[in-house]
Amino acid sequence: MSLRQMEYLVAVVAEESFTRAAEALNVTQSALSHQIKALEREVGGPLLERRPRGIGLTPMGRAFLPHAELAVRSAEQARRAAKAAAGAAGGELHIATLHALAVGVLPSVFARWRRAYPEVLLNLHEYATTEELRDHMERGVADVAIGPRPDDWHGPVVPLGHEEIMLITSVDDPLATRAQPVRLTELADRVWVRCALEPVVQGQRWLDWVCERSGFAPRTGVWTEHSSTAVRMAAAGVGLVAAPLHLARGVTGAAVVAVDPPWRREQTAYSRVELTGIAATFVRLSQEQAFPDTAQSRTSSATG
C-alpha cells in the first residue's frame with residue numbers, strides 16, 4: 001500500500017469521477033484505475049462503487065477514507081515542515097479556525113504576517129462549530145488550528161488569550177447608556193437573538209446554561225444561522241445578543257454592554273505535531289496581535 005495509491009483514492013472521491021481525478025492528478029485514467037484496483041486487492045475488498053451519478057464509497061471505503069486522507073495530508077504537512085525548518089524561501093501555511101474568529105480576529109494577524117513574511121502563502125480553512133474544527137484538524141486539514149481549547153487533544157495546545165463575551169443591543173436600548181455592568185438576573189424578561197452556532201456546555205446551549213444558573217430560561221425571539229447576523233439583528237433592536245466583542249466593532253447602531261461577572265472564553269492554537277518553523281512563528285504572532293491584552297499580561301508576569 002503506497003501513499004500515491006491513497007492520494008489517488010482521495011482524489012477520485014473528491015472529484016466523484018475517475019476522469020476528473022486523472023486530469024487533476026495529471027495521470028492517465030488507466031494508470032489511475034490500475035492503482036485503485038491494486039489498493040483494493042491489498043485491503044481485501046472494493047473501496048469504490050460506480051453509481052448512476054458518479055463514484056461513491058462502499059462501507060469498506062467509508063472506513064478507509066479518513067485514514068487515507070490523514071496519511072496524504074500528513075505527508076504534505078511533513079513536506080512543508082521540512083521546508084520551513086531548512087529555511088527555504090517561500091512555502092505555505094494552512095490555518096484552520098472558526099468563521100467568527102476568521103471575521104473578527106484573524107484579519108489583523110494575517111495583515112501583520114503578510115508584511116513580515118510576504119513570501120509565505122497562507123491558506124485559511126473556516127468551520128462553523130468547534131466540533132467541526134476539531135474533527136478536521138484531527139484529520140490533518142491544516143498545520144495550526146485557532147479556536148477554543150479542544151477536549152481530549154493529544155497534540156500541543158498553546159494558550160493565546162481570552163475573548164470577552166459582551167451583551168450587544170441597539171443604541172436606543174436603555175442598557176446602552178448604563179455605566180455599570182449588568183447582572184444576568186436583570187435580563188430575565190428580555191428577548192434574545194440566538195445563533196445556531198452557539199457553543200454547547202454540559203449538553204446545553206451556552207445561553208441556556210448560563211441563564212439557568214441565574215434562575216431563568218432565556219426568551220428566544222429569533223434564531224439565526226450566523227453570529228454576525230445575530231449581532232446586526234441586535235443592533236436593529238430585535239433583541240439582546242451575547243457575542244464576542246470583536247463581532248460588534250464597526251456594526252452601525254450596535255451598543256456594547258459589559259456583564260457582571262464577566263464572560264470570557266479562552267482561545268488557543270493547537271496542532272497534531274510539535275509547532276516548529278513558520279507554524280510556531282505564526283502562533284507567537286497571533287498571541288501578540290489577536291489578544292494583545294493577554295500578551296501584555298504574560299510579559300508583565302514574566303518580568304515582574
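Which residue in β5 does Ile 95 stand opposite? Val 144 is the one. Keep in mind as you look around that this is a predicted model. That little pairing is a handy way in, so let's start with the strands.

Ile 95 sits on strand β3, which covers residues 92-98. β3 and strand β5 (residues 144-147) run in the parallel sense and share three bridges. β3 also pairs with strand β4, residues 121-127, again in the parallel sense, this time over seven bridges. Go back to Ile 95 and look towards β4: the bridge partner there is Leu 124. So how well covered is β3? Mostly covered, it turns out, with six of its seven residues buried.

Just before β4 you'll run into Val 120, in the loop between α6 and β4. Val 120 has a relative accessibility of 2%, and because the cut-off for buried is under 20%, Val 120 counts as buried. If you want a distance to check, try Val 120 to Leu 93: their C-alpha atoms are 7.1 Å apart, with the two positions 27 residues apart along the chain.

Leu 93 turns up again in the largest nonpolar core, which has 33 residues. Leu 93, Trp 113, Val 144, Ile 146 and Phe 282 are the members with the most contacts inside this core. Several elements chip in with two or more residues each: β3, α6, β4, α7, β5, β15 and α11. Helix α11 makes the largest contribution, at seven residues. As background, nonpolar side chains in soluble globular proteins tend to be buried together.

Two of those well-connected residues, Trp 113 and Phe 282, lead straight to the aromatics. There are five aromatic pairs in the model. In one of them, Trp 113 and Tyr 117 have ring centres 4.4 Å apart and planes at 40°, so the pair is classed as tilted. The two partners differ in exposure: Trp 113 is buried at 0% relative accessibility, whereas Tyr 117 is partly exposed, with a relative accessible area of 29%. Why does the pair of Trp 113 and Phe 282 count as edge-to-face? Their ring planes are at 65°, with the centres 5.6 Å apart, and edge-to-face applies to planes over 60 degrees apart. This pair links distant parts of the chain, as Trp 113 belongs to helix α6 (residues 106-116) and Phe 282 to helix α11 (residues 277-290), with 169 residues separating them. Both Trp 113 and Phe 282 are buried. Add Phe 110 to Trp 113, Tyr 117 and Phe 282 and you have one aromatic cluster.

Now for some open space. The largest pocket holds about 1,100 Å³. It is lined by 41 residues, and Thr 130, Glu 198, Pro 199, Val 200 and Arg 265 are the closest to its centre. Elements that give the lining two or more residues include α5 (99-104), α7 (130-138), β8 (191-195) and β9 (200-201). Also among them are α8 (206-213), α9 (227-235), β12 (241-244) and β15 (263-270). Which element supplies the largest share of that lining? Strand β15 does, with five residues. Sorted by class, the lining comprises 28 nonpolar, four polar and nine charged residues. Notice that β15 and α7 are also on the list of elements that give two or more residues to the nonpolar core.

Finally, a few backbone oddities to look at. Most residues other than glycine have a negative phi, and most peptide bonds are trans. Against that background, the bond from Asp 260 to Pro 261 is cis, with omega near 0°. Pro 261 is in the loop between β14 (259-260) and β15, and β15 is the strand that lines the largest pocket with five residues.

The other two oddities concern phi. Glu 16 isn't a glycine, yet its phi is positive, about 55°. You'll find Glu 16 in the loop between α1 (3-15) and α2 (18-25), where it is partly exposed at 44% relative accessible area. Asp 152 is another non-glycine residue with a positive phi, near 50°. Asp 152 lies in the loop between β5 and β6 (157-170). Is Asp 152 buried or exposed? Exposed, since its relative accessible area is 65% and the cut-off is over 50%.

Technical notes:
Residues are numbered from 1 along each chain as its sequence is written. This is a predicted model: local features need pLDDT of at least 70, side-chain atom pairs count only at pLDDT 80 or more; totals for chains, interfaces and linings use all residues. Side-chain values use heavy atoms; hydrogens and water are left out. Rings of Phe, Tyr and Trp (its six-membered ring) pair if their centres lie within 6.5 Å; planes under 30 degrees apart count as stacked, over 60 as edge-to-face and the rest as tilted. Buried means under 20% relative accessible area, exposed over 50%, partly exposed in between (1.4 Å probe, protein chains only). Helices (H or I, at least four residues) and strands (E, at least two) are DSSP runs, numbered from the N terminus. On a 1 Å grid over the protein atoms alone, a cavity is a set of points where a 1.4 Å probe fits but cannot get out, and a pocket is an open set with protein on both sides within 12 Å along at least five of seven lines; lining residues have an atom within 4 Å of a point. Grid points are joined across faces, edges and corners, and a volume is the space filled by probe spheres set on the points. Ala, Val, Leu, Ile, Met, Phe, Trp, Tyr, Cys and Pro count as nonpolar, Asp, Glu, Lys and Arg as charged, and the others, Gly among them, as polar. Two strands pair if DSSP finds at least two bridges between them. A nonpolar core is a set of buried Ala, Val, Leu, Ile, Met, Phe, Trp, Tyr and Cys residues joined through side-chain atoms within 4.5 Å.
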